[in-house]
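User: Please take a close look at the charged side-chain pairs in this model. Tell me where each partner sits, and what surrounds them.

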Amino acid sequence: MENQQPKSTGIWKVLLIVVIVLVFIFGAYFGLAAILRKANEGAGSTTNSTTLTQKGGKFDQNLVGTWTSDCLVPDANSPWSEKHQFVINANSTAVHTRWSSSGHDCSVETTMTDNYTLTIIKQSASGDLGQINLLDTAKSVTYYDVYQITGNTLEFGHGFRNNLTYDSKMGGSESDRISSLNKYIIYKK
């Protein structure tokens, strides 16, 4: 009579092999994930702690701060005014607030707030326009814009212009990037 192993021993061997294979697969998966995460952290780090690496280069730290416009009265014949504020953080997030009023004194009657993530495509330098993308995090819409910092003033291309001198580009895509500054809404730090 042949010596046969009990069936339960064969099942345990199969289960042991399956467990070993699963441990190997998950170990390889999590090991690769850790390696890729470490490589990604290394690619995003910089020796200058005052800069944040962005898709197009370094975040312009000159943008960081609270920037507020004067009280704007777009049309003297219309009972309407507004004031704007951008609070830009070092982590490239920003909050834009617009206060509107039915009078010319910018008293707060309506408040609109938008949250953005900013990406610098080209940093503004020495009178050159910078290129910036503003991702509206609530709407998941990106505005392709320009900006310029001069002393303690900040200008973007987007926004209401009381002189109606819009360029032909409206900022809906990279090829439609706004190409001129809005000289009406000027932010001051």
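Analyst: Start with Glu155 and Lys183, which form a salt bridge with the closest N and O atoms 3.1 Å apart. This pair links distant parts of the chain. Glu155 is in strand E9, residues 153–156. Lys183 is in the loop between E9 and E10, and the two are 28 residues apart. Keep in mind that this is a predicted model.

Now check cover. Glu155 has a relative accessibility of 6%, so it counts as buried, the cut-off being under 20%. Lys183 has 54%, so it counts as exposed, the cut-off there being over 50%. So one partner of this pair is buried, and the other is exposed.

General background helps here. Side chains of opposite charge can pair when their charged atoms come close.

The count for the model is five salt bridges. One of them joins Lys188 and Asp70, at 3.5 Å from N to O. Lys188 lies in strand E10, while Asp70 lies in the loop between E3 and E4, so this bridge ties together parts that are 118 residues apart in sequence. Lys188 is partly exposed, with a relative accessibility of 37%. Asp70 is partly exposed too, at 45%.

Another salt bridge pairs Glu82 with Arg98. Its closest N and O atoms are 4.0 Å apart. Glu82 is in strand E4 and Arg98 in strand E5, residues 93–101, with their positions 16 residues apart in sequence. Glu82 is buried at 3% relative accessibility. Arg98 is partly exposed at 26%.

Next, the frame that holds these strands. A closed barrel of eight strands runs E3-E4-E5-E6-E7-E8-E9-E10, and its pairing is antiparallel. Neighbouring strands in this sheet are turned by 35° against each other on average, with direction ignored. Strands E4, E5, E9 and E10 all appear in that barrel order. In general, strands of a sheet pair through backbone hydrogen bonds, either parallel or antiparallel.

Look at the join between E3 and E10. E3 covers residues 65–69, and E10 covers residues 186–188. Two bridges connect these antiparallel strands. Ser69 has Tyr187 as its bridge partner in E10.

Tyr187 leads on to the aromatic side chains. The whole structure has five aromatic pairs. One is Phe86 with Tyr187, an edge-to-face pair at 5.5 Å centre to centre, with 75° between the planes. This pair links distant parts of the chain: Phe86 is in strand E4, residues 81–88, Tyr187 is in strand E10, and they are 101 residues apart. Phe86 counts as buried at 0% relative accessibility. Tyr187 is buried as well, at 3%. Both belong to one aromatic cluster, together with Tyr116, Tyr143 and Phe156.

Finally, a nonpolar feature on the surface. Val14, Ile17, Val18, Val21, Leu22, Phe24 and Ile25 form a patch there, with about 660 Å² of accessible area together. Val18, one of these residues, is found in helix H1, residues 7–44. Val18 is partly exposed, with a relative accessibility of 41%.

To recap the charged pairs: Glu155 meets Lys183, Lys188 meets Asp70, and Glu82 meets Arg98. Glu155 and Glu82 count as buried. Lys188, Asp70 and Arg98 count as partly exposed. Lys183 counts as exposed.

Key: Residues are numbered from 1 along each chain as its sequence is written. This is a predicted model: local features need pLDDT of at least 70, side-chain atom pairs count only at pLDDT 80 or more; totals for chains, interfaces and linings use all residues. Side-chain values use heavy atoms; hydrogens and water are left out. Two strands pair if DSSP finds at least two bridges between them. Helices (H or I, at least four residues) and strands (E, at least two) are DSSP runs, numbered from the N terminus. Axes are lines fitted to C-alpha atoms, for helices over the stretch in contact, and angles run from 0 to 180 degrees between N-to-C directions. Rings of Phe, Tyr and Trp (its six-membered ring) pair if their centres lie within 6.5 Å; planes under 30 degrees apart count as stacked, over 60 as edge-to-face and the rest as tilted. Buried means under 20% relative accessible area, exposed over 50%, partly exposed in between (1.4 Å probe, protein chains only). Patches are made of residues with over 30% relative accessible area and no salt bridge: like charges are joined within 9 Å, nonpolar side chains (Val, Leu, Ile, Met, Phe, Trp, Tyr) within 5 Å. Accessible areas come from the Shrake-Rupley method with a 1.4 Å probe; for residues, only the protein chains shown count as cover. A salt bridge is a side-chain nitrogen of Lys or Arg within 4 Å of a carboxyl oxygen of Asp or Glu.
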